[in-house]
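This report concerns the interface between two domains of one protein chain. The sequence and the structure are shown first, followed by the analysis.

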Amino acid sequence: MKHYFNQMSRGITTDWMLKELDAPHEQVIIDFENGENLSPEFKNINPMGKLPVLVDDDVVVTEVAAICAYLADKFPEKQLAPQVGSAERATYYRYLFIAGNTIEPAFTLAAFNIESLDPKSVGWGDMTRVLATIEAMTPRNDWVLGEQFTAADVVFGGLLDFAIIFKWYEPSPKVMAYVERIRQRPAYRDTHGGFLEMAEQ
Ligand SMILES: N[C@@H](CCC(=O)N[C@@H](CS)C(=O)NCC(=O)O)C(=O)O
């Protein structure tokens with residue numbers, strides 16, 4: 001597998017996922033400064049010109065949540081995904097999808113001071129609804145599926161961690177405690193380098 005990556009990108013999350021799985025892969029560094037992500041060769045792989053990307057033989061996977069979910073299913077023995085068809089699987093999907101579809105757009109727009117969109121029409125509602133949802137969905141103990149840590153924690157927890165590091169919002173004690181548990185994971189610590197220093201400031 002090839003993981004197209006840059007340390008200063010959302011690829012940090014898929015890198016962490018690869019580490020959680022101890023998955024053999026080739027790390028392909030894409031240089032944003034030189035515009036490598038916008039080169040015809042790279043856009044042939046991902047027309048969005050964005051990282052991260054995972055290439056597994058003929059399979060191209062883009063989008064952080066899709067890559068994490070794909071990897072969890074590829075290495076079932078590592079038990080980072082609940083069984084297909086189970087109730088836990090439904091919850092798992094919910095956390096995987098809400099991160100990129102709902103939480104991230106709300107945070108991003110708020111960071112750019114764009115908050116005047118009609119919450120009834122936009123899929124992410126508004127920050128009030130999103131923060132209430134984060135609070136409700138964040139586990140008080142362990143992980144989103146209880147004792148089993150899964151790719152849903154990498155995606156959902158990783159996004160909350162990212163949002164806290166970049167001061168997109170002020171977490172509640174419950175959310176902060178969950179993110180602290182995330183930050184203690186050896187695979188998170190091995191892959192977060194400069195982000196870890198920013199997180200611990
Ligand atoms: N929705 C995408 C977002 C990917 C994304 O925005 N990647 C940024 C880095 S964090 C990127 O590649 N930016 C370079 C560019 O757009 O030119 C995902 O979840 O993977």
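In this predicted model, three residue pairs are in polar contact across the interface of domain 1 and domain 2, both residues of each pair having pLDDT 80 or more. On the side of domain 1 that touches domain 2, α1 (11-21) and α3 (64-74) each contribute at least two residues. With seven residues, α1 provides the largest share of that side. Classified by residue type, the side of domain 1 facing this contact holds eight nonpolar, two polar and five charged residues.

Charged pairing is also found here: four salt bridges cross the interface of domain 1 and domain 2. A salt bridge joins the side chains of D73 and R89, with an N to O distance of 3.1 Å.

The two domains are assigned within the protein chain as residues 2-78 for domain 1 and 87-199 for domain 2. Their participation in the contact is as follows.

| Domain | Residue range | Residues in the contact |
|---|---|---|
| Domain 1 | residues 2-78 | 15 residues |
| Domain 2 | residues 87-199 | 19 residues |

The C-alpha centres of domain 1 and domain 2 are separated by 20 Å. Between them, the domains bury about 1500 Å², and carbon and sulfur atoms account for 69% of this area. Which three residues supply more of the area that domain 1 buries against domain 2 than any other three? They are I12, W16 and E20, which together supply 39% of that area.

Methods
Residues are numbered from 1 along each chain as its sequence is written. This is a predicted model: local features need pLDDT of at least 70, side-chain atom pairs count only at pLDDT 80 or more; totals for chains, interfaces and linings use all residues. Side-chain values use heavy atoms; hydrogens and water are left out. Domain bounds come from an automatic or database domain assignment. Contact means heavy atoms within 4.5 Å. Buried area is the accessible area (1.4 Å probe) that two parts lose on being put together, summed over both. A polar contact is a pair of N or O atoms within 3.5 Å; within protein, one must be able to donate a hydrogen and the other to accept it, and residues adjacent in sequence count only if both atoms are side-chain atoms. Helices (H or I, at least four residues) and strands (E, at least two) are DSSP runs, numbered from the N terminus. Ala, Val, Leu, Ile, Met, Phe, Trp, Tyr, Cys and Pro count as nonpolar, Asp, Glu, Lys and Arg as charged, and the others, Gly among them, as polar.
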